[in-house]
Amino acid sequence: MPKLSIHGYGDDLTINNFRLGDLSPAEHEKIDKEKGGRNYNPLENVVVSHVKDSSTLICRKPSENGVAAYIEEELIDGLCCYSAVNQGQLNRTIVDAVVKHLTEEKLPTVPRSIRHKYMSAFLLATTGITEMDRVVPKVAGVEAPELMFKLSRRWGYKIKGVPQNEAIIVAANGNFHGRTVTAVSMSDDLDAREGFGPFVPGIELVPFNNIDALTSLFESKGEKIVAFLVEPIQGEAGVIVPDEDYWTQVRALCDKHNILLAMDEVQTGFGRTGANFAHQLYNVKPDLMGCGKAAGGGILPVSFVAGSDEVIGVLTPGSEGSTFGGYPLGAVVGVYAIKVLIEEKLAENAKIRGAQLMSHFENMQTDFPDKIKEVRGKGLLTAFEMQYSPKLDGHHVSVELLKRGVYAKETHHSTVRIAPALTIEAWQIDNIAESIWNVINEI
Ligand SMILES: Cc1ncc(COP(=O)(O)O)c(C=O)c1O
């Protein structure tokens with residue numbers, strides 16, 4: 001038996017001789033690099049300790065005089081866990097529901113092989129908010145596009161009549177759907193794919209926001225194409241917003257060729273873009289949609305696929321499943337995440353605060369036309385892209401923003417995404433914008 005002693009809470013949490021409250025940022029980094037998978041490259045010299053309020057993190061930075069292991073500082077969270085915390089950190093309604101559920105209602109975990117009462121609440125709330133017929137609960141975000149992929153193939157064989165094993169799924173260049181083999185098979189990001197082949201067959205890519213490319217692909221291979229699986233606004237690609245009429249044209253094209261429109265709303269859903277779901281901004285309805293991230297209210301991983309009776313109806317017992325998909329605690333969190341989305345008018349706040357942030361960005365672009373190439377966004381999914389130059393480096397901007405009390409992260413060399421909690425207040429938006437302006441001014 002390995003000798004392992006674990007005791008204490010918070011800073012007193014001690015694993016053998018390592019007490020968390022004693023570790024400097026450099027020591028945390030050392031443990032991460034020695035014991036972790038090294039599959040992330042987090043910002044240097046900063047470790048988050050706890051949250052202060054809905055959109056503020058308390059983080060630890062190296063102590064300059066070296067007397068203490070670290071100093072603590074406040075950061076406005078401009079990323080909110082890649083849109084997983086739309087409801088704000090420790091949202092009171094969701095936390096109360098979790099505490100009540102665990103201490104009074106008392107049903108954390110049972111398997112899907114026996115019904116539990118909270119599943120009914122989850123299905124009623126998720127089908128209600130998505131206005132879809134059926135929902136299948138999952139856990140991680142990536143499981144939503146993964147399941148949409150499977151559902152589309154099965155629908156293709158059972159309903160559309162595509163010959164067995166010949167189904168094609170179309171995805172967009174620059175997409176991000178997660179990290180499973182299916183998701184990276186759809187990706188054209190070399191870092192995400194390198195060394196992980198062979199990939200899932202039956203995938204074709206088209207340029208995003210290019211209706212002509214999609215039309216010609218559908219015309220040449222439409223009989224075997226079962227779905228266009230796509231983000232309504234591309235998040236990881238750097239907040240790529242399509243033309244206003246793109247989705248109505250795509251919808252019509254899908255209908256013409258009997259091809260499913262499967263939208264990955266993992267990042268764009270739950271109020272992020274100024275509507276509950278981004279496709280609603282464009283007045284189209286997908287046949288399938290995948291949600292994750294904020295579906296768990298920033299508390300637990302909760303994801304799901306919602307869709308039409310015809311498509312989700314192709315599932316049969318044994319064809320799909322998940323130990324923790326829709327388990328009681330996850331179901332309760334999912335229901336309250338939706339309650340907060342509605343009652344705290346998150347989409348509306350995203351629209352108002354997003355417009356405020358975009359107007360700051362536009363002013364910044366006017367002030368620095370030689371530095372800022374483009375500003376983009378819908379609601380509070382926003383980004384600014386700098387002109388391409390070694391000095392205008394997104395990582396450098398993120399590091400400089402950190403010094404000014406703002407946490408943000410580059411998506412590519414020249415693009416920085418700003419996507420704070422949807423509970424953010426006007427003065428915090430002004431602070432973020434002012435810090436960005438100062439950093440750009442000094443470069
Ligand atoms: C559009 C989209 N789909 C899927 C995922 C994967 O979600 P997760 O990392 O929770 O598996 C992400 C994550 O960023 C995403 O942005």
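**Exercise 1. In this predicted model, which helix holds Ser398, and is the residue buried or exposed?**

Step 1: find the element. Ser398 lies in helix α13, which covers residues 394–403.

Step 2: check the accessibility. Ser398 has a relative accessible area of 0%, and buried means under 20%, so Ser398 counts as buried.

Step 3: look for partners beyond the sequence neighbours. Leaving aside residues within four places, Ser398 is in contact with Leu43, Ala408, Lys409 and Glu410.

Step 4: ask how far to trust the region. Strand β17 (residues 409–412) has the lowest confidence in the chain, with a mean pLDDT of 88. At the other end of the scale, β10 has the highest, at 99. The chain average is 97, and 100% of the residues score at least 70.

**Exercise 2. Work out the surroundings of Ser185, then say what sits over the ring of Phe199.**

Step 1: Ser185 belongs to helix α6 (residues 181–186). Its relative accessible area is 8%, so Ser185 is buried.

Step 2: list the contacts. Not counting residues up to four places away, Ser185 touches Arg193, Phe199, Val200 and Ile203.

Step 3: now see how two of those partners meet. The charged end of Arg193 sits over the ring of Phe199, 4.0 Å from the ring centre.

Step 4: check the backbone in this stretch. The peptide bond from Gly197 to Pro198 is cis, with omega near 0°. Pro198 is placed in the loop between α7 (190–193) and β9 (203–206). For context, most peptide bonds are trans.

**Exercise 3. How many disulfides does the structure have, and why is Cys81 in no bond with the closest cysteine?**

Step 1: apply the cut-off. A disulfide needs two cysteine sulfurs within 2.5 Å, and the count by this rule is zero.

Step 2: try Cys59. The nearest cysteine sulfur to Cys59 belongs to Cys81 and is 16 Å away, and Cys59 is in no disulfide. Cys59 is buried, at a relative accessible area of 0%.

Step 3: try Cys81. Its closest cysteine sulfur is in Cys80, 7.7 Å away, so the two are too far apart for a bond. With a relative accessible area of 47%, Cys81 is partly exposed.

Step 4: look at the backbone of Cys81. Cys81 lies in helix α2 (residues 80–83) and has a positive phi of about 50°, although it is not a glycine.

Step 5: compare with Asn45. Asn45 also is not a glycine and has a positive phi, of about 60°. Asn45 is found in the loop between α1 (25–35) and β4 (47–53) and is partly exposed, at 42% relative accessibility. Most residues other than glycine have a negative phi.

**Exercise 4. How many aromatic pairs does a search of the whole structure find? Describe the geometry of two of them.**

Step 1: get the total. The search finds ten aromatic pairs.

Step 2: take Phe270 and Phe277. Their pair is edge-to-face, with 5.8 Å centre to centre and 90° between the planes. Phe270 is buried, at 1% relative accessible area, and Phe277 is buried too, at 0%.

Step 3: take Phe361 and Phe384. This pair is edge-to-face as well, with 5.5 Å between centres and 70° between planes. It links distant parts of the chain: Phe361 is in helix α12 (residues 346–367) and Phe384 in strand β15 (residues 381–386), 23 residues apart. Phe361 counts as buried at 1%, and Phe384 at 0%.

Step 4: look for a network. Ring pairs link Phe122, Phe270, Phe277 and Phe304 into a cluster.

Step 5: follow Phe122 to a residue in contact. Gly334 touches Phe122, Ala295 and Val302, sequence neighbours up to four places away not counted. Gly334 is found in helix α11 (residues 328–343) and counts as buried at 1% relative accessibility. Gly334 and Ile94 are 240 residues apart in sequence, yet 9.0 Å apart in space, C-alpha to C-alpha.

**Exercise 5. Which residue does the side chain of Glu244 meet in a polar contact?**

Step 1: place Glu244. It is in the loop between β10 (225–230) and α9 (246–257).

Step 2: list its contacts. Setting aside neighbours within four places, Glu244 is in contact with Tyr282 and Lys378.

Step 3: pick out the polar one. The side chains of Glu244 and Lys378 make a polar contact at 2.8 Å.

Step 4: contrast another lysine. The C-alpha atoms of Glu244 and Lys339 are separated by 30 Å, and the two residues are 95 apart along the chain.

Methods: Residues are numbered from 1 along each chain as its sequence is written. This is a predicted model: local features need pLDDT of at least 70, side-chain atom pairs count only at pLDDT 80 or more; totals for chains, interfaces and linings use all residues. Side-chain values use heavy atoms; hydrogens and water are left out. Helices (H or I, at least four residues) and strands (E, at least two) are DSSP runs, numbered from the N terminus. Contact means heavy atoms within 4.5 Å. A polar contact is a pair of N or O atoms within 3.5 Å; within protein, one must be able to donate a hydrogen and the other to accept it, and residues adjacent in sequence count only if both atoms are side-chain atoms. Buried means under 20% relative accessible area, exposed over 50%, partly exposed in between (1.4 Å probe, protein chains only). pLDDT is the predictor's confidence in each residue, from 0 to 100. Rings of Phe, Tyr and Trp (its six-membered ring) pair if their centres lie within 6.5 Å; planes under 30 degrees apart count as stacked, over 60 as edge-to-face and the rest as tilted. A charge sits over a ring if NZ of Lys or CZ of Arg is within 6 Å of the ring centre and within 35 degrees of the ring normal.
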